[in-house]
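Reader: I'm new to this structure and would love a close look at one small part of it. Could you start with a single ring and then show me what surrounds it?

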Amino acid sequence: METRILRYFLVVAETNNITQAARQLHLTQPTLSRQIQELERTVGRPLFDRHHHQLHLNAAGVLFRQRVKVILDLLEHAQQELQTSSTGLSGTVNLGLVESAVAPWLLEQVAAFQAHHPAVKFQLFSGDGDSLRPRLDQGQDDLAALIEPVEAAKYHFLALPVREEWGILMRADDPLAQRAGLQPAEVATLPLVMGRRPIVRDALADTLQLSPTELNLKVVTNLPGALPTLLKTGDYYHLGIRGVATQYHDPALAFVPLVPKTTSGHLLAWKKHRPLAPAATAFLQFITPLTING
């Protein structure tokens, strides 16, 4: 199966129209139709539902599109890794960043590294841990900065010198917003919104000496932009890190830390049994001394 055909498939999936896709690809409509039909014969099932000259991905097509994007991303990544430069180290580092205080620190290191190795490029992906780990597993990212803990059986990791404080994000006019801190027993009574990663939720509950079932968890989220809307109803409280509150810069919201003070560190993780490319290895070696006694 040629990658050229896979790229044709993505264009058709985007346009939902063979004629329009053929125009973009500088092909004739019959030629592109034959290519798509041959692709469907190769994979063994239809990928599109066809209605009046319109094509729409069916369930198999949606899954196939997801896999094709990963394959083409990995191919591009491999090609970049094999590129050489007469001026020294080159290539691309694919770096995942959890949405927390670790991002500014790590981006400072990216800038410092590129000052030494200007031919190295970075591709950044920001998200929560459950968005970043599949990218590590599939090889889309070389490295990812995550809130601890991580699955030690799957990943190597380096501890980073950045910690985040846990607390409750709520409406600024809530009576609890005037408190200097909240005890675990008080947190257990609140209708909570939390992030998706079970391993982090369980570790936090253990730190608070609460069973995860004792938390009144109402909503699980990957921290979308709609979170402030939920909190401003006054019906929800977000149990999360201070870095989330800092991102919003919203005077209508307030962050109250947990008492006793509860913090989590960050880890830079990479997949076990998968060699890192030279550029990613060099970046890892560059930041390792910065983490010692950090």
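Which residue lies over the face of Phe125, and how far is it from the ring centre?

Author: Happy to help! This is a predicted model, in which local features need pLDDT of at least 70 and side-chain atom pairs count only at pLDDT 80 or more, while totals for chains, interfaces and linings use all residues. Residues are numbered from 1 along each chain as its sequence is written, and side-chain values use heavy atoms, leaving out hydrogens and water.

The residue you are after is Arg135, found over the face of Phe125 at 4.0 Å from the ring centre. For such a placement, NZ of Lys or CZ of Arg must be within 6 Å of the ring centre and within 35 degrees of the ring normal.

Now look at what touches Phe125. One such residue is Leu97, which sits in strand β3, residues 91–98. Leu97 is buried, at 6% relative accessibility (buried is under 20%, exposed over 50%, partly exposed in between, with a 1.4 Å probe and protein chains only). Setting aside residues up to four places away in sequence, Leu97 touches Phe125 along with Ala103, Leu106, Leu107, Leu124, Ser126, Gly127, Leu132 and Ala145; contact means heavy atoms within 4.5 Å. From Leu97 to Leu124 the sequence runs 27 residues, yet their C-alpha atoms are 7.2 Å apart in space.

Rings also pair with one another in this model, and there are six aromatic pairs (rings of Phe, Tyr and Trp, the last by its six-membered ring, with centres within 6.5 Å; planes under 30 degrees apart are stacked, over 60 edge-to-face, the rest tilted). Take Phe113 and Phe283: their ring centres are 5.4 Å apart and their planes meet at 85 degrees, so this pair is edge-to-face. Phe113 belongs to helix α5 (residues 102–116) and Phe283 to helix α11 (residues 278–291), so the pair ties together parts 170 residues apart in sequence. Phe113 is buried, with a relative accessible area of 0%, and Phe283 counts as buried at 0% as well. Ring pairs link these two with Phe122 and Phe286 into a cluster.

Helix α11 also holds Thr291. This residue is buried, with a relative accessible area of 14%. Apart from neighbours within four places in sequence, Thr291 is in contact with Leu158, Ala159, Leu160 and Pro161.

Another buried residue is Pro228, with a relative accessible area of 10%, and its place is in helix α9, residues 227–232. Beyond residues up to four places away in sequence, Pro228 touches Tyr248 and Leu253. Pro228 and Ala245 are 17 residues apart in sequence, with 9.5 Å between their C-alpha atoms.

Stepping back, the protein has 11 helices and 11 strands (DSSP runs numbered from the N terminus: H or I of at least four residues for helices, E of at least two for strands). Its C-alpha atoms fill a box of roughly 70 × 55 × 35 Å along the principal axes. Of its 294 residues, 46% count as buried. Among contacts between residues at least 6 apart in sequence, 74% join residues at least 24 apart, and the pairing of Phe113 with Phe283 bridges parts that are 170 residues apart.
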